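Thank you for making time this morning. I would like to walk you slowly through one model, beginning with the chain as a whole and then stopping at a few residues.

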Amino acid sequence: MTQTIDRNRIEHLVRSAVMASMGGAAPSNASNGYAGVSTKTPPGWVDGKPNLRVSISARHVHLTDEHVEILFGAGSVLEPDKDLYQDGFYAAKQTVMVVGPRRRMLPNVRVLGPTRPFSQVELALTDSISLGINAPVRHSGKIDGTPGCVLVGPAGTVKLDQGVIRAARHVHMNFADADHFGVKNGDMMQLKIKSPDCSVVFEDVLVRADEAAKLEVHIDTDEG
């Protein structure tokens, strides 16, 4: 059942905990619309309007608490190294080696935190080719039927039976952003890149909306 937990719900719980620890009010449970938008600037807005950031998401790994201890030693927890743009999420100091068929491997793949209910490896197409893994394009958390791999840490190894994906491009946004663009969680958008004689449009950008996200598109290194 842990594998069916809604990803947006997990992110909401994490952000609520972070905001509470900082002395702020937890996000509301409104199903749509930004609570207090008339009196408070929505997260990430600049000069009264959404401010889009496009981030290139390099290969990385999400781990469970159990797998953190197996890979890094009993009692180990993820150690934050660098905060990500989305509040409450970070690149950890820990890295692992990802091993595919015929012992093809990618060393020093960064672990992102916090931990999750299940482990997941996110690669670009060229990464999956290098490993010899036919990683499908999936929305984060939709790992049923995906290939697995072996993770190697300084204290042990973990064999994943599934969880290796190419993460579908997506855009994080709060409900004020969603209202501004006239979309809702689960919709698809386009990302248009304007460049002299070299413009391009990315189709199928999944909307992932919750109360506290900042407007940010995630694409992988190949797309970047």
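How many disulfides does the structure hold? This is a predicted model, and the number of disulfides in it is 0. As a reminder for those new to the term, a disulfide is a covalent bond between the sulfur atoms of two cysteines. Two cysteines can still be described by their surroundings: Cys149 has a relative accessibility of 5% and counts as buried, whereas Cys198, with a relative accessible area of 55%, is exposed.

Let me turn to the chain as a whole. Its secondary structure comes to 4 helices and 14 strands, and of its 224 residues, 43% are buried. If we take the contacts with a separation of 6 or more, 64% of them are between residues 24 or more positions apart. The accessible surface of the chain is about 11,800 Å², and carbon and sulfur atoms account for 52% of that surface.

Now to the aromatic rings. The structure holds 0 aromatic pairs, but the ring of Tyr85 does have charged ends sitting over it: that of Arg53 is 3.9 Å from the ring centre, and that of Lys214 is 4.7 Å from the centre.

Where along the chain is Lys214? This lysine is in the loop between strand E13, residues 200-210, and strand E14, residues 216-220. Is Lys214 buried or exposed? Its relative accessible area is 15%, and because buried means under 20%, Lys214 is buried. Leaving aside neighbours within four places in sequence, the contacts of Lys214 include Tyr85, Gln86 and Asp87, and also His172, Met173 and Asp177.

The next residue is His62, which belongs to strand E2, residues 60-62, and which counts as buried at 7% relative accessibility. Not counting residues up to four places away in sequence, His62 touches several residues, among them Leu112, Phe118 and Glu122. With Glu122 there is also a polar contact of 3.3 Å between the two side chains. His62 and Gly163 are 101 residues apart in sequence, yet their C-alpha atoms are 9.7 Å apart in space.

I would like to spend the last part on strand E5, residues 105-113, where we find Pro107. At 44% relative accessibility, Pro107 counts as partly exposed. Beyond its neighbours within four places in sequence, Pro107 is in contact with Val96 and Met97, and its C-alpha atom is 8.2 Å from that of Thr95, a residue 12 positions away along the chain.

Asn108 is also found in strand E5, and here the backbone deserves a careful look. Most residues other than glycine have a negative phi, and most peptide bonds are trans. Asn108, however, has a positive phi near 55 degrees, and with a relative accessible area of 62% this asparagine is exposed. Asp204, in strand E13, likewise has a positive phi, about 60 degrees, although it is not a glycine, and Asp204 counts as exposed at 52% relative accessibility.

Which peptide bond is cis, with omega near 5 degrees? It is the bond from Gly113 to Pro114, and Pro114 lies in the loop between E5 and strand E6, residues 120-122.

To finish, I suggest that you look again at Tyr85 on the screen, with the charged ends of Arg53 and Lys214 over its ring, and then follow strand E5 from Pro107 to Asn108.

Definitions and conventions: Residues numbered from 1 in each chain as written. Predicted model: local features only at pLDDT ≥ 70, side-chain atom pairs only at ≥ 80, totals over all residues. Heavy atoms only, no water. Disulfide = S-S within 2.5 Å. Buried < 20%, exposed > 50% of the residue type's maximum accessible area, 1.4 Å probe, protein only. Helix = DSSP H or I, 4+ residues; strand = E, 2+ residues; numbered from the N terminus. Contact = heavy atoms within 4.5 Å. Areas by Shrake-Rupley, 256 points an atom, 1.4 Å probe, with all protein chains shown as cover. Phe/Tyr/Trp six-rings, centres within 6.5 Å; stacked < 30°, edge-to-face > 60°. Lys NZ or Arg CZ within 6 Å of the ring centre and 35° of its normal. Polar contact = N/O pair within 3.5 Å; in protein donor to acceptor, adjacent residues only side chain to side chain.
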